[in-house]
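This report describes selected local features of one structure, moving from a single side chain to the pairs and networks that join separate stretches of the chain.

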Amino acid sequence: MDKKRWQGIGASSGYVLGRTWLLRTVAGSTADQSAADLGDSDSKSQLERLQKAIVITDQALLQFEEQVKAEKGEELAQIFAAHRLLLSDPAFTGEMALRIENNLLTAEQAVNQVTAEAVAMLSALEDSYFRERVVDIKDVSQQLLLHLGGNSSGLSQFPPTGNWIVMADELTPAQTISLPKERVAAFIVRNGGKTSHAAILARTYGIPAVVGVNNGWEELIGFKALELDGDQGWIGALDSTEIDVLPGAVGMPSAEQVAADAAPAYANMTLAANIGNPSDVALVHRFKAQGVGLYRTEFLFMGETLPTEEEQVTAYSAVITACTPYTTVIRTLDIGGDKRAPALDLPKEKNPFLGVRALRLCFKRPELFETQLRAIWRASAAGPTAVMFPMISNMEELRQAKKYLENARKAVISQGQPVGSVQVGMMIEVPAVVWLAAKLANEVDFFSIGTNDLIQYSLAVDRENSEVADLYQAYHPAVLGMIAQVAQAAQSAGIWTGICGEAGGDHVLAPFFAGLGIDELSMSPGLLPKMRQALAGLEREKIDSDGFVNKVLACATAAEVSDMLTSYNKKLS
């Protein structure tokens, strides 16, 4: 007998079969008091409730923003930055406040009314992009209601063990991030499309997903176990015999990943993963990363209290152990600028990107730095470890950081605790150090080029400002020229060079980086299959046989570079 099937939209690659869990938004008391029962004094208290909910929601969204920024980079974090802007939008929360004052509504009534009108307006538009932003409006509204005491997200009911296919009518960005992604085998979502934020997040985290399953939804959610194909967008019912032998959700690679894994490896370059916390190790293994090229440690410092040395040792050791025999590169604390931490109570700066951030903060708060460095040394006993310092702008800073590192090693040894061998590196993200690279290379074991900040500082472009987004160019000839200069300095000194910024995951740039002699590319785990395909079978000696690298470096504009790279990649394929 043919199995029952449903068709949706394939939003994130991968094949999975497993047990299902339905995410329900559980409604609680909405304090749905009639307007006639409210007086002026009641109106004032309702306004206060709304303002308090706005503040708490803003704090929660900021934490999501920092988490995604730490785990997956700048671009995705903008989802939550945009949500935070809604909280100060006069047409959204401002209108809610007006309705409480003028119409004597409860805070919940005002939130529901304004949200319903905004949703109706966006839903009526023909543009699919704007229709999908309905979920963003609902996400912020849902969190406001949650913090008013009116709604529960339903996430607390997620099964405590096992891997599950998560099903939901709609999946908001906040819900996607809040779920334990290492135990989410796949998503099936009734509404939404490929450009919905939930779909984008699923692809980034490497979680298969099928969305837009409108036909037969009520029947579909009645099944306890399903199979799905995130490439083709279909969902199939499993029969009782298949369910009985199913231990839990079992993921299988997408066709793209199978092809990439079968492709001949590019032996000259390590392909590593950028991660933000120990739970990302599952993605490191899933996408066959050769270690961790950037372990962002900021997630430990985003809470209301600072992590202890023991907590840090546990977090670092878990990743190092899981990634052995490959190396785990740990970046020291990079707070400040666009990254904030409540527990540090940092003062606001007029220009935080040029202020006290990263290593500068560590030097001002040495107790933070010393504790982290001791924890890294202790964790290094678990396996191959490297440490790198962010935001170095001169030789003095590098030498000072190395002195702290050596003092931390001595402190750990004096306590009778074992340490491993730690490679020492620095990030190249301030243009000044590009011109010092030949000298700095004699002080470290490796360079790691953080292209996000290198582009921002070199081109004088705020990477978070959409008004100048077209000027933020990874293909800018000056940026590529600086990367080439750093690579040359490293090779002359006999040290290795990696790229851990967003450009490191750009498969179009991969042959150019290979031709420069870059030794490691580190990226979001989900980008690894495509990168392996881009580099499959390449030989470094043959890449530049026609002067390809010099031709790229001779380009005068980013558009010329893009054309050159595209043409070369077509020739390779």
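## Gln312 and its surroundings

Gln312 belongs to helix α13, which spans residues 309–323, in what is a predicted model. With a relative accessibility of 1%, Gln312 counts as buried, because the cut-off for that class is under 20%. The side chain of Gln312 makes a polar contact of 2.7 Å with the side chain of Tyr316. Leaving aside residues up to four places away in sequence, Gln312 touches Leu300, Phe301 and Pro307, and also Thr371, Gln372 and Ala375.

## Salt bridges between helices α13 and α15

Side chains of opposite charge can pair when their charged atoms come close. One such pair is the salt bridge between Arg374 and Glu309, in which the closest N and O atoms are 2.8 Å apart. This pair links distant parts of the chain, since Arg374 is in helix α15 (residues 366–379) and Glu309 is in helix α13, 65 residues apart. Glu309 has a relative accessibility of 16% and therefore counts as buried.

A further salt bridge joins Glu310 to Arg378, with 2.9 Å between the closest N and O atoms. Here too the partners come from distant parts of the chain, Glu310 from helix α13 and Arg378 from helix α15, and they are 68 residues apart. The two partners fall into separate accessibility classes: Glu310, at 47% relative accessibility, counts as partly exposed, whereas Arg378, with a relative accessible area of 16%, is buried.

## Arg331, Glu298 and a charged network

Across the whole structure, 20 salt bridges are found. Among them is the bridge between Arg331 and Glu298, whose closest N and O atoms are 2.9 Å apart. Arg331 is in strand β14 and Glu298 is in the loop between β13 (292–296) and α13, so that the pair links parts of the chain that are distant, 33 residues apart. Both partners are classed as buried, Arg331 with a relative accessible area of 6% and Glu298 with one of 0%.

These two residues also belong to a wider arrangement, in which salt bridges that share partners join Glu298, Arg331, Asp334, Arg357 and Asp453 into one network.

## Backbone geometry in loops

Most residues other than glycine have a negative phi, and most peptide bonds are trans. The peptide bond from Thr324 to Pro325, however, is cis, with omega near 15 degrees, and Pro325 lies in the loop between α13 and β14 (328–331).

Leu104, which is not a glycine, has a positive phi of about 55 degrees; its place is in the loop between α3 (93–103) and α4 (107–123), and at 22% relative accessibility Leu104 counts as partly exposed. Met391, also not a glycine, has a positive phi of about 65 degrees and lies in the loop between β15 (385–389) and α16 (395–414). Met391 is buried, with a relative accessible area of 1%.

## Helix α6

Helix α6 comprises 15 residues, 134–148, and extends 21 Å from its first C-alpha to its last, close to the 21 Å expected at 1.5 Å a residue. This helix is mostly covered, with 12 of its 15 residues buried. The buried residues include Val134, Val135, Ile137 and Leu148, and also the polar-named positions Asp136, Asp139 and Gln142. Just after α6, Gly149 takes a positive phi of about 90 degrees.

## Aromatic pairs and a charge over a ring

The whole structure holds 11 aromatic pairs. In one of them, the rings of Trp21 and Phe158 have centres 5.0 Å apart and planes at 85 degrees, so the pair is edge-to-face. Trp21 lies in strand β3 (residues 15–22) and Phe158 in the loop between β5 (151–152) and β6 (164–168), so the pair ties together parts that are 137 residues apart in sequence. Trp21 and Phe158 are both buried.

Phe363 and Tyr404 form a stacked aromatic pair, at 5.8 Å centre to centre and with 20 degrees between the planes. That pair likewise links distant parts of the chain, with Phe363 in helix α14 (residues 359–364) and Tyr404 in helix α16, 41 residues apart. Phe363 and Tyr404 are each buried, and together with Phe369 and Phe389 they form one aromatic cluster. Elsewhere, Arg5 lies over the face of Trp234, at 3.5 Å from the ring centre.

Conventions:
Residues are numbered from 1 along each chain as its sequence is written. This is a predicted model: local features need pLDDT of at least 70, side-chain atom pairs count only at pLDDT 80 or more; totals for chains, interfaces and linings use all residues. Side-chain values use heavy atoms; hydrogens and water are left out. Helices (H or I, at least four residues) and strands (E, at least two) are DSSP runs, numbered from the N terminus. Buried means under 20% relative accessible area, exposed over 50%, partly exposed in between (1.4 Å probe, protein chains only). A polar contact is a pair of N or O atoms within 3.5 Å; within protein, one must be able to donate a hydrogen and the other to accept it, and residues adjacent in sequence count only if both atoms are side-chain atoms. Contact means heavy atoms within 4.5 Å. A salt bridge is a side-chain nitrogen of Lys or Arg within 4 Å of a carboxyl oxygen of Asp or Glu. The expected span of a helix is 1.5 Å times one less than its number of residues. Rings of Phe, Tyr and Trp (its six-membered ring) pair if their centres lie within 6.5 Å; planes under 30 degrees apart count as stacked, over 60 as edge-to-face and the rest as tilted. A charge sits over a ring if NZ of Lys or CZ of Arg is within 6 Å of the ring centre and within 35 degrees of the ring normal.
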